[in-house]
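Work through these exercises with the sequence and the model side by side. Try each task before reading its solution.

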Amino acid sequence: MKRIISILLAAVLMLSLAACNNATQQPSTPDADATPAPAAEPTPEATPETTPEERVTPEDAITIGIIQLTEHAALDLAREGFLQALADNGYVDGDKINIDFQNAQNDQSTLSTISDRFVSEEVDLVLAIATPAAQAIAGKTTEIPILATAVTDFVVAKLVESNEVPGGNVSGTTDMNPIEDQIDLLMQLVPEAKTIGLIYNSGEDNSVLQAQIATAAIEARNLAVTEVTVTSTNDVQQAMQSLVTKCDAIYIPTDNTLASSMPIVEGVCSESKTPVICGESSMVESGGLATLSINYYKLGYQTGLMALRILVDGADISTMPIETLEDMDLAFNLEVADSIGLTIPEELLAKAGN
């Protein structure tokens, strides 16, 4: 009997202890009038730096699409000048404007794809750098204003009805060279030359036009002309090796394919000791001998001012004439001159500031 009572007492004691233990684990119901204890402050975490892709811009920011044919110094400078003109007037990327820059890397299908996207996204304005880029986007829309730069002849490229009154949604700035003055510069540097070689991409409308003008200028000075054409950078080495055997000096217009291939041109001409006069100064920096040419940074800047007139002042692009740049830069590559054994006259060096 005593054993049974002991067992019962032990069971009661265990149940009591379990109840107390359970009460300790369960939270008590807070008093409605009690002031809650302040919550513990969370441990501060490092905030990651915002990348350009994550930046937030106003909903009403202007969107400008930039479509560039390929990467080389002249076209890059035109883009930089354009953006600087906007920035100088208070329109900075990520603030009042969004810039969507796309480089087609000299691929026609990529130009088409970029153009389709700009149209589908309904950008407010397109800057097209180089003729093929302008032709690609112009073929996709008649509504979005298109400003083109580094285009030699807008009419020949079928981008406008006339240079004075474009008549559609395309205008911009021309990089037409002072070709006759460049041929005169060639004659000053190589007075003994009898035959002048031309090389250009036969698929670039502007290059064909410049070659025609250059041929007329050369023949008017009682010199002979010989030419070779290429369709891609892959053709340049062989074409140059053939050309240097047939001429005393070479003229290259503002051709995108040749501009991207100037190191090849320099390599061939340094061996043959052939002087090369180029259409623009970045081609000289990359391996040509000399030029009297457009400053592409200034050309792009001028195009940026045109964009402001459209986007800010509401100018009608169909009535905005194609603009030209009056200032020309005289440039020489003295390393190339030394490598081919040619001395630049001091009076010309003084004008160039070399």
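**Exercise 1. Find the largest cavity, give its volume and describe its lining.**

Solution. The largest cavity holds about 50 Å³ of space. On a 1 Å grid over the protein atoms alone, a cavity is a set of points where a 1.4 Å probe fits but cannot get out, and lining residues have an atom within 4 Å of a point. Grid points are joined across faces, edges and corners, and the volume is the space filled by probe spheres set on the points. This is a predicted model: local features need pLDDT of at least 70, side-chain atom pairs count only at pLDDT 80 or more, and totals for chains, interfaces and linings use all residues. Residues are numbered from 1 along each chain as its sequence is written, and side-chain values use heavy atoms, with hydrogens and water left out.

Step 1: count. There is one cavity of 30 Å³ or more.

Step 2: list the lining. The residues are Val265, Glu266, Cys269, Ser270, Thr274, Val276, Gly287, Val336, Ser339 and Ile340.

Step 3: assign elements. α9 (262-272) and α12 (334-340) are the elements that give two or more residues to this lining. α9 gives the most, with four residues. Helices here are DSSP runs (H or I, at least four residues), as are strands (E, at least two), numbered from the N terminus.

Step 4: sort by class. The lining has five nonpolar, four polar and one charged residues. Ala, Val, Leu, Ile, Met, Phe, Trp, Tyr, Cys and Pro count as nonpolar; Asp, Glu, Lys and Arg count as charged; the others, Gly among them, are polar.

**Exercise 2. Describe the largest pocket in the same way.**

Solution. A pocket is an open set of points with protein on both sides within 12 Å along at least five of seven lines.

Step 1: volume. About 330 Å³ of space lies in the largest pocket.

Step 2: lining. It has 28 residues, and Leu69, Pro132, Glu204, Asn256 and Thr257 lie nearest the centre.

Step 3: elements. At least two lining residues come from each of α2 (73-88), α4, α6 and α8.

Step 4: classes. Eight lining residues are nonpolar, 15 are polar and five are charged.

**Exercise 3. Decide whether helix α4 is mostly covered or open, and say what packs on it.**

Solution. Buried means under 20% relative accessible area, exposed means over 50%, and partly exposed lies in between (1.4 Å probe, protein chains only).

Step 1: α4 spans residues 131-138 and is mostly covered, with six of its eight residues buried.

Step 2: the buried ones are Thr131, Pro132, Ala133, Ala134, Ala136 and Ile137.

Step 3: their cover includes β1 (62-68), α3 (108-120), β3 (125-129), β4 (146-151), α6 (205-220) and α8 (256-259).

**Exercise 4. Trace the salt bridges around Arg117, then examine the pair Arg221 and Asp184.**

Solution. A salt bridge puts a side-chain nitrogen of Lys or Arg within 4 Å of a carboxyl oxygen of Asp or Glu. The structure holds seven salt bridges.

Step 1: Arg117 meets Asp100 at 2.9 Å, N to O. Arg117 sits in helix α3 and Asp100 in strand β2, 17 residues apart, and the pair links distant parts of the chain.

Step 2: Glu121 also bridges to Arg117, with the closest N and O atoms 3.2 Å apart. Asp100, Arg117 and Glu121 thus belong to a network of salt bridges.

Step 3: check exposure. Asp100 is buried at 17%. Arg117 is partly exposed at 29%, and Glu121 is partly exposed at 44%.

Step 4: Arg221 bridges to Asp184, with the closest N and O atoms 2.7 Å apart. Arg221 lies in the loop between α6 and β7 (224-230) and Asp184 in helix α5 (residues 179-189), so the pair ties together parts 37 residues apart in sequence.

**Exercise 5. Place Gln302 and identify its partners.**

Solution. Gln302 is in helix α11 (residues 296-311) and is buried at 19% relative accessible area.

Step 1: leave aside neighbours within four places in sequence. Gln302 then contacts Thr173, Glu323, Thr324 and Leu325; contact means heavy atoms within 4.5 Å.

**Exercise 6. Compare the settings of Asn106 and Ala150.**

Solution. Most residues other than glycine have a negative phi.

Step 1: phi of Asn106 is positive, near 65°. Phi of Ala150 is positive too, near 60°.

Step 2: Asn106 is in the loop between β2 (97-103) and α3, and is partly exposed at 39%. Ala150 is in strand β4, and is buried at 8%.
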